[in-house]
Amino acid sequence: MSGSDHIDFRAGTFNDRVTGKEEHHYHFGPAPTSLAALPGPPAFFTGRDDAVTELLATLAADGEESAPAVVISAVAGLGGVGKTALVLHVAHQAREQGLFPGGALFIDLRGYDAAPTTAEQAVRSLLRALGVRNEDMPPTPDEQYAVYRSLLAERDPVLIVLDNASAPDQIAPLLPGGGRGHRVLVTSRDVLDSLPVRQFRIEALGPDAARDLVQRLLTEFDPTDRRATEEPDALVQLCELCGRLPLALLIAVQLLRRRRHRPLATLTAELRRAADRARTLRARGVDQYGRELALRPVFDVMYARLEPELAEVFRLLGQAPGSDIGLNPAVCLTALRPEELEPLLDDLTAACLLTSLPGGARWEMHDLLRQYARAVAAEDPGLARAATEGRVRLLDYYLQGVQTARSLIRGRSGDVPGIFPRGLPHALGWLDSERSGLLGAALWSKAEDAEEAESAVTLALVLDDYLELRRAYDDWERLARNACEAARGLADSDLEAGAWVCRGLALRGLRRYEESIDAFHSARRIYAELADQRGQGEAWHGLGLSLHGLRRYEEATAAYRRSIDVYTALGSQGRAAGVRNNLGVLLEELGRLEEAHDNVLQSLEASRQLGDRFGEAAAQDILGRILRRLGRFEEAARAHARALALSAELRHLHQVASAFSNLGLTLQCLMRYGEAIAAHTMACATYKQINGGPAEAGAWGNLGLALLEARRLDEALSALGKAHSLYRRHNDWHGMGVASHNMAAVYERQSRSAKAMSALAAAAEAFERGGFTDLADQARQLAQPPG
């Protein structure tokens, strides 16, 4: 009868006229059911505690009348992110808690296979699981759906897991129609925003969870495998190279199992070298659920589903240099208007190829996806050219923004474009938000396209003031080193000399003074060959700074004066003023206070005439130091207060911290200890905010001395201990010696002589290790017992 348009009367006995009529009254005989046929829970599961808690809460079969008859929870995420593992873990947890006495149904809809399972195919499987025999199967899909809903309506709460769905039409017909307490769990690589679902989205694992997963997978296979614990750095790198994506991590572990006696570092090196990491992450066999251990095919399927325009936007956004991107840089990459681009960004987000960050103004693409997009673009010459053009447009945008911000940082606001209508705070906010993109784009300096490479080197050089302002010396040194090599490859001597100057300044900031001196000498030689006087002045200034850091005062003074002479001859008053500030600091350290005072006053006047508020703030702060040394404490306090006000207005946090610290020292001289302690406390907090390094240690040391003078001895010891710890972190032996020496003074005030002697001995040792033999001898003499 089934599937036919007539009724079979064969084998019947009839005594009168017969009329055939077909009625659908399905009375199913006994048949096996499959209501406990969930695939097993994942053998190893970690890092999803919050998602598990939320999903279990939605699954709780609440018996109250207000509870919805059916709750549908959809888990979306990038292919390989672990959606199936999460849902099966939650499903088994729910069953163990007794939430679904009616059983659980599971079906893999294979939504991203070449031939996805249709809802019509799925419902027949679900009916068989509910006990409907093949011979009792209703003939049409509509009847099958009706019977499916009827059977569910008669049952106690059932959990239905629809795995790997790609479209709403695979899911909608399979939703229960009634009954209380049924729950549906769906997984998909797409956000199912057209259905009445509670949508969840999961991202890559956190760093700790990723490391834990790799370690557990290795040791479960072989309990003697200790590579994860013996190579912690390689483990961290491996997890990051896999983007902390569970599928990628599982593949990496399988590769490591086959390389049992090879270090983790060999695989991390292989992945780092790979032009297409997604293609490299492939292993033999299948996972626990029978799925191929290969990442590239997963990405290929997601990419192939995109419409041509959306695929192009995906490829171009993959060129983004940072971990995330804002709308304006995305507009530059894609050459689309904002109103054209935003709906496409929404579509990519719904396809889990982008993640919209809080605020809705920035988007993030997973690292492995970004590398995949670049690989796809590079495989076709036409696509590769479009990608290069997009990167060049982005570099142009970044260069214009950075150069404008640089002018504002230097106090020149009159002739700059109106990119930042709210002035310097607006510019600094833009630089901070685009920081990862700017740093990444500046590393494009080895591009095959000469225009792109030159623009990237230029970007690296003009980021100097911003990176100095943020004390980002490690980033600065890396960019400058890369720029030196790239400029040499471009045979551009001017760019190379500028890159050497930047590298010298960054190395000085890292206190690698000998290397910085070499860098400035390299710059000076190139500028001399180019007959570039301004460049030579810059190189001499840098040499003075590095020599000053090594306390080679005579050489530093000579270098500063050479720089001032060059700038003066060129009429460059602003640059000369900056050098005079640093010369003033050196002369103050040497006790040549009147000379220092004269130099800094000249610098201050020039900065005011030029409208250079940064230069004025620095000059006021240095002037305050000199006035304090001259015993003119009230004038010094006013100078520091002016420096503080200017720096705060300019959001120059390092200068703010310096002004607070110097103001505190001056207030101590005025015996206004409460105000001094407050100023030093602000200095410590500000330096900590900007990762102030040794300067933060100095601020804690100053706070300790102020507390000592205020007779708050325990607090003084705590502050000095903090200073000593920070100095140790930066291998600053002089600072450690000073901190230990001052701690000895506190112990003496507390009449703890043994502690004081021990602290002085520690100071002597630190000074000795730092090469400060005179200070070491003085500390040893003080450590000697009296008599």
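How exposed is Arg632, judged by its relative accessibility? In this predicted model, Arg632 has a relative accessibility of 33%, so it counts as partly exposed. Its salt-bridge partner is Glu635, with N and O 2.9 Å apart. Glu635 has a relative accessibility of 31% and therefore also counts as partly exposed.

**Salt bridges**

That pair belongs to a wider set, as the structure holds 55 salt bridges. As a general reminder, side chains of opposite charge can pair when their charged atoms come close. Three of the pairs are listed here, with their N to O distances.

| Pair | N to O distance |
|---|---|
| Arg227 and Asp225 | 2.7 Å |
| Glu635 and Arg632 | 2.9 Å |
| Arg296 and Glu379 | 3.4 Å |

Let's take the other two pairs in turn. Arg227 and Asp225 are both buried, and their closest N and O atoms lie 2.7 Å apart.

The side chains of Arg296 and Glu379 form a salt bridge at 3.4 Å. This pair links distant parts of the chain, with the two positions 83 residues apart in numbering: Arg296 sits in helix α12 (residues 296-304), while Glu379 lies in the loop between α16 (367-378) and α17 (381-409). Arg296 counts as buried because its relative accessibility is 8%. Glu379, in contrast, is at 47%, so it counts as partly exposed.

Salt bridges also join up into a network, which links Asp108, Arg110, Asp113, Asp163 and Arg291.

**Helix α15**

Now for a helix whose geometry is easy to check. Helix α15 covers residues 338-350, which makes 13 residues. At 1.5 Å a residue it should span 18 Å, and its end C-alpha atoms are indeed 18 Å apart, so the two values agree.

Which residues of α15 are buried? They are Leu341, Leu344, Leu345, Leu348 and Thr349. These residues cover an arc of only 145 degrees around the axis, and therefore sit on the same side of α15. The spacing fits a general rule: an α-helix has 3.6 residues a turn, so residues three or four places apart point the same way.

The face turned away from the buried side of α15 carries the exposed residues Glu339 and Asp346. What do the buried residues of α15 pack against? Their contacts are with two helices, α13 (308-317) and α14 (327-334), and with the strands β5 (198-201), β9 (355-356) and β10 (362-364). After α15 comes Cys352, which has a positive phi near 60 degrees.

Key
Residues are numbered from 1 along each chain as its sequence is written. This is a predicted model: local features need pLDDT of at least 70, side-chain atom pairs count only at pLDDT 80 or more; totals for chains, interfaces and linings use all residues. Side-chain values use heavy atoms; hydrogens and water are left out. A salt bridge is a side-chain nitrogen of Lys or Arg within 4 Å of a carboxyl oxygen of Asp or Glu. Buried means under 20% relative accessible area, exposed over 50%, partly exposed in between (1.4 Å probe, protein chains only). Helices (H or I, at least four residues) and strands (E, at least two) are DSSP runs, numbered from the N terminus. The expected span of a helix is 1.5 Å times one less than its number of residues. The arc is that of the directions from the helix axis to the C-beta atoms. Contact means heavy atoms within 4.5 Å.
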